[in-house]
Amino acid sequence: MAIDTQQISEVSVQPGELPERMTAWVIREDRFGEPKDAFEIEHIEVPEPGALEVIVRVMAAGVNYNNVWAALGKPVSVMRYGDHPEYGHHIGGSDASGIVWKVGPGVTRWKVGDEVVVHCNQASYEDPEVHGLDPMAAPSQRIWGYETTWGSFAQFTKVQAQQLLPKPAALTWEEAASYGLVYFTAYRMLLTRCNLQAGQKVLIWGAAGGLGVFATQLCALAGAECVGVVSSAEKGELVKRLGAVDYIDRGEFAGMMKKGGESEDEENARFKVTRAFAKRVKEILGDSPDIVFEHVGKATFPTSVFTVKTFGKVVICAGTTGIDVDFNVAYLWMRQKEIIGSHFANAYECTKANELIDSGQIRPVLWRTLGFDGVAEAHQLMLENKHLGKISILVGAESEGLGKTAEGPGAIYAEVGG
Ligand SMILES: NC(=O)c1ccc[n+]([C@@H]2O[C@H](COP(=O)([O-])OP(=O)(O)OC[C@H]3O[C@@H](n4cnc5c(N)ncnc54)[C@H](OP(=O)(O)O)[C@@H]3O)[C@@H](O)[C@H]2O)c1
């Protein structure tokens with residue numbers, strides 16, 4: 001469908017008022033498949049904010065792998081979760097920068113006109129875990145724009161007030177929309193879950209991808225030495241620029257990838273390549289890694305468990321190549337290693353991490369900014385692993401470069417073919 005971007009960036013109402021309908025990219029169950037087929041533009045009613053909720057006018061939206069999964073309908077259909085059964089549609093998008101447009105009853109911390117970024121964790125105010133343990137432990141916990149509809153690929157989005165963070169003033173709308181989900185996840189994985197310390201050594205899979213560019217910067221900022229695994233020299237150069245000691249091209253060690261169902265001979269051959277990989281990691285870092293940063297899953301998990309140092313930690317938040325991992329557990333118990341699961345972040349972690357963006361110590365890594373009509377294409381690029389760093393989508397912002405109100409380093413622009 002041809003889209004008039006001018007129409008997307010214009011709204012017919014004043015702040016505090018909502019139009020009846022808006023333009024949104026929508027996934028429906030009968031269209032599940034590759035992103036290019038699953039996403040379609042529709043005109044949808046604009047929701048009213050409930051208690052402690054806020055309607056944000058989206059200026060730019062960030063693209064994440066979660067809506068590749070939402071499009072595919074795999075490994076689960078998002079339509080089963082959150083408010084999807086109530087509305088029957090999925091408006092994806094778990095990152096946004098924008099303007100507070102209307103506030104619901106009980107909201108006191110934010111007012112109409114505030115410029116914000118949105119973190120993607122939602123939980124019920126009434127769950128006790130929210131008030132004493134961690135919102136990530138609440139039974140009501142869900143990821144906005146993935147396990148809920150009303151995400152950011154629309155002119156307006158509905159969020160909980162606790163999801164709002166001040167927009168870093170030195171960033172444009174598209175830069176501010178690009179980093180939240182992956183950066184806050186990497187922050188919790190390394191700082192909270194692994195207690196990352198100066199002098200530690202870290203192995204980062206997919207170091208030029210969304211999670212990886214922030215894991216790499218966090219290691220450099222913390223004084224930890226990291227090596228990034230990538231699939232091309234261009235990506236490797238980006239990872240070095242972000243502070244990695246060096247990179248490894250995984251193409252040189254293709255034989256270590258676990259497919260599942262290997263015969264004994266095949267497994268012995270695979271393990272030989274894993275050993276060579278672990279040796280290379282040790283040579284680069286001067287020792288085995290204290291932490292392995294995992295999200296690739298099935299293909300790499302056995303190598304991660306083998307490669308991490310005795311008493312080391314493998315921290316994992318995803319299984320892009322498969323969630324049914326199969327590894328030699330003897331390397332875990334004999335060498336007293338730990339496997340640590342991690343999922344997004346709580347509002348406090350998001351706030352602390354956002355302060356590092358505000359001060360320019362951690363920077364967004366933006367590969368491309370596309371117009372609103374690029375949502376399906378952007379997710380297709382992710383599915384095909386043709387991107388690096390992050391992709392942003394202009395929604396309310398008429399063009400790139402708008403929304404910056406202070407001087408600062410801004411984003412790193414990752415220029416690599418693909
Ligand atoms: N639980 C959570 O809270 C959470 C949060 C964020 C993301 N995630 C999940 O984490 C995964 C990664 O997200 P992302 O945003 O970082 O995605 P991304 O931008 O696509 O980056 C992932 C990187 O993984 C590498 N990779 C892909 N296939 C690989 C393979 N077969 N072997 C080794 N490396 C491979 C690629 O790097 P090279 O090709 O350069 O090696 C790619 O750049 C996704 O599944 C996403 O849904 C989970």
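These legends describe close-up views of salt bridges in a predicted model.

**View 1. Residues E40 and R31 pair in a salt bridge.** Their closest N and O atoms are 3.6 Å apart. A salt bridge needs the nitrogen within 4 Å of the carboxyl oxygen, so this pair counts. Is R31 buried or exposed? R31 counts as buried because its relative accessibility is 16%, under the 20% cut-off. E40 has 39% relative accessibility, so E40 counts as partly exposed. Why can such side chains pair at all? Side chains of opposite charge can do so when their charged atoms come close.

**View 2. Residues R270 and E267 meet within helix α10.** Their side chains form a salt bridge, with 2.9 Å from N to O. Helix α10 covers residues 264-285. The two partners sit three residues apart, about one turn of the helix. R270 counts as buried because its relative accessibility is 5%. E267 comes to 22%, so E267 counts as partly exposed.

**View 3. Residues K279 and E283 form a salt bridge.** Here the closest N and O atoms lie 3.7 Å apart. Both residues belong to helix α10. How many residues separate K279 and E283? They are four residues apart, about one turn of the helix. K279 is exposed, and E283 is exposed too.

**View 4. Shared partners link several residues into one network.** Salt bridges join K258, E262, E267, R270 and D326. R270 and E267, the pair from View 2, are among them. By the same distance rule, the model has 22 salt bridges.

Methods. Residues numbered from 1 in each chain as written. Predicted model: local features only at pLDDT ≥ 70, side-chain atom pairs only at ≥ 80, totals over all residues. Heavy atoms only, no water. Buried < 20%, exposed > 50% of the residue type's maximum accessible area, 1.4 Å probe, protein only. Helix = DSSP H or I, 4+ residues; strand = E, 2+ residues; numbered from the N terminus.
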